[in-house]
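Hi,

Here is the structure I promised to send you. Have a look at it first, and then read on for what turned up in it.

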Amino acid sequence: MPSPLADPVKLPCGLVLPNRLSKAAMAENIAKTNEPNQTLSDAYNQWSEGGWGSILTGNVQVDVNHLGGPFDPALHAEYKGEASLVAKWKSYADACQKHGTPTIVQVCHPGRQSFRFAGQRGIWASTIAPSAVPINIGGSLLERIIATLAWTAPREMTSAEVERVISQFVDTARLMADAGFSGIELHGAHGYLIDQFLNGKTNLRTDEYGGSPEKRARFVLEILSQTRKVVPSTFCIGIKLNSADHSSANFEETMTQIKLLVEAGIDFMEISGGSYEDPKMMGYSKQESTAPAKSERTAAREAFFLEFAKEVRARHPGLVLMLTGGFRSRAGAEAAILDGACDLVGIGRPAAINPRFPLLLLDESVEDEKAVLPLNKVPTPFWASWLPRNLIGAGAESSYYAGQILRLAKGLATVAPAL
């Protein structure tokens, strides 16, 4: 019997994904000049041969002055349709889609999470954010020192700056469309700028961009509406949202914002979670030692954010949902689909170890017990044992898998963390 993972999925914009398996976004850390290069293209060429239904790129930042990592590709200036710039990005798009796999670019602004040494604004310049809420990775003296060394204090964006950043998102989307990519995904999770606007903990504004769930959503809704006006109708616009930010106190506020995005015509929504302050997306959390254990049923489905996704599904049955985080096997991915939790399964770290993982999962001759890629957590260096475990552990994971992506680009064998 064919796996439900092999079913095609048609997005509202008309884009058809040939199956339900998506290579999720991961930090590549190889765009040394903050532009797409041959190394980046070589890595994505490996995934293009892997049988994925869709490929999501790592972050493309909308402003080279504000980067999430020092080697993120980014928009360097206002996009005015320059042919040379389009050609540079088209080479990247062609590599991603060489074998017909639709590729969606994750578009991002880090806001207050831009590291001191990431971006061209200078190491002493402030980051920008909806409100001047500093990053808090913990209350100990050591954690406060680390936060001060890693990030400058954010300053509240003026109305003019908000409008400019919206334009930067729109420019970046237009460039990606002109280059031939199939769509973009707005990064509204993991504590980045869109998430900062949506979240009442980081958005304390009292103007038209804050003060209520609806006003906090205005920033991303304007990006969405303005982008729709300048890209082809078949160009996909999705969004990644946090599930880990909600609690019983603000859950309905999150649902209100999701409803607004659905009504605005988002093509798909990816459910993830976490931030630099609490990196649940990497399997680490400040609260992990005291958090309640997951049920056996949830653990069997391997998804970190399954329960949240199922609630979104119940309220918006027509919304195309992607669930990312923890999938390692055919059985786990199929369970999430058959349970109605999602339409698309996002797979990150296994894709960096085996870029052809979908070919294994979709091969009917392979038994379920063998259609699996177990991965251990990356061990942290012995010298880092005195540093905050949640932050260092997540950093070790990201760095390790970026290293495997570089090996893919060089045609070298990848190495899974020792089990």
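Before the first helix pair, one term: a crossing of two helices is called right-handed if the near helix is turned clockwise from the far one by less than a right angle, and left-handed if that turn is anticlockwise. Keep in mind, too, that what you have is a predicted model.

Now for that pair. The crossing of helix 2 and helix 4 is right-handed. Helix 2 covers residues 83-96 and helix 4 covers residues 159-179; their axes lie 8 Å apart, and the packing angle is about 65°. Angles of 65 to 115 degrees count as roughly perpendicular, and helix 2 and helix 4 are therefore roughly perpendicular to each other. If you want to find the place where they meet, look for L85, V86, W89, K90 and A93 in helix 2, and for L175, M176, D178 and A179 in helix 4.

Helix 4 has another partner, helix 7 (residues 218-228): their axes come within 9 Å and cross at roughly 40°. That makes helix 4 oblique to helix 7. This crossing is right-handed as well. On the helix 4 side the residues involved include F169 and V170, and on the helix 7 side they include F219 and I223.

Next, the barrel. In what order do the 8 strands close into a barrel? Going round, the order is 3-4-5-8-9-10-11-12, with parallel pairing. From one strand to the next, the twist averages 25°. Helix 4 turns up here too: it packs on the sheet and touches strand 4 (54-61), strand 5 (103-108) and strand 8 (183-188), and its direction makes about 160° with that of strand 5.

Strand 12 (residues 344-347) is a good one to follow by eye. L344 and G346 point one way and V345 and I347 the other way, yet all of them are buried. On one hand, strand 12 pairs with strand 3 (residues 21-23) in the parallel sense over 3 bridges, where V345 is the bridge partner of L21. On the other, 3 bridges join strand 12 to strand 11 (residues 321-324), again running parallel, and here L344 is the partner of M322. Strand 11, helix 11 (residues 330-338) and strand 12 also form a right-handed β-α-β unit.

Elsewhere in the barrel, strand 9 (residues 236-242) and strand 10 (residues 268-272) run parallel and are joined by 5 bridges. There, L241 stands opposite I271.

Finally, a few loop residues to click on. Is Q97, in the loop between helix 2 and strand 5, buried or exposed? The cut-off for buried is under 20% relative accessible area, so Q97, at 17%, counts as buried. Leaving aside neighbours within four places in sequence, Q97 is in contact with P102, T103, G180, F181 and S182. Q97 and W47 are 50 residues apart in sequence, and their C-alpha atoms are 9.2 Å apart in space.

N34 sits in the loop between strand 3 and helix 1 (38-48). Its phi is near 60°, a positive value in a residue other than glycine, and N34 is buried, with a relative accessible area of 8%. H190, in the loop between strand 8 and helix 5 (193-198), also has a phi near 60°. At 11% relative accessibility, H190 counts as buried.

Happy exploring!

Methods. Residues are numbered from 1 along each chain as its sequence is written. This is a predicted model: local features need pLDDT of at least 70, side-chain atom pairs count only at pLDDT 80 or more; totals for chains, interfaces and linings use all residues. Side-chain values use heavy atoms; hydrogens and water are left out. Buried means under 20% relative accessible area, exposed over 50%, partly exposed in between (1.4 Å probe, protein chains only). Helices (H or I, at least four residues) and strands (E, at least two) are DSSP runs, numbered from the N terminus. Two strands pair if DSSP finds at least two bridges between them. A crossover is right-handed if, with the strands pointing away from the viewer, the path from the first strand over the helix to the second runs clockwise. Axes are lines fitted to C-alpha atoms, for helices over the stretch in contact, and angles run from 0 to 180 degrees between N-to-C directions. Angles under 35 degrees count as roughly parallel, over 145 as roughly antiparallel, 65 to 115 as roughly perpendicular and the rest as oblique. Contact means heavy atoms within 4.5 Å.
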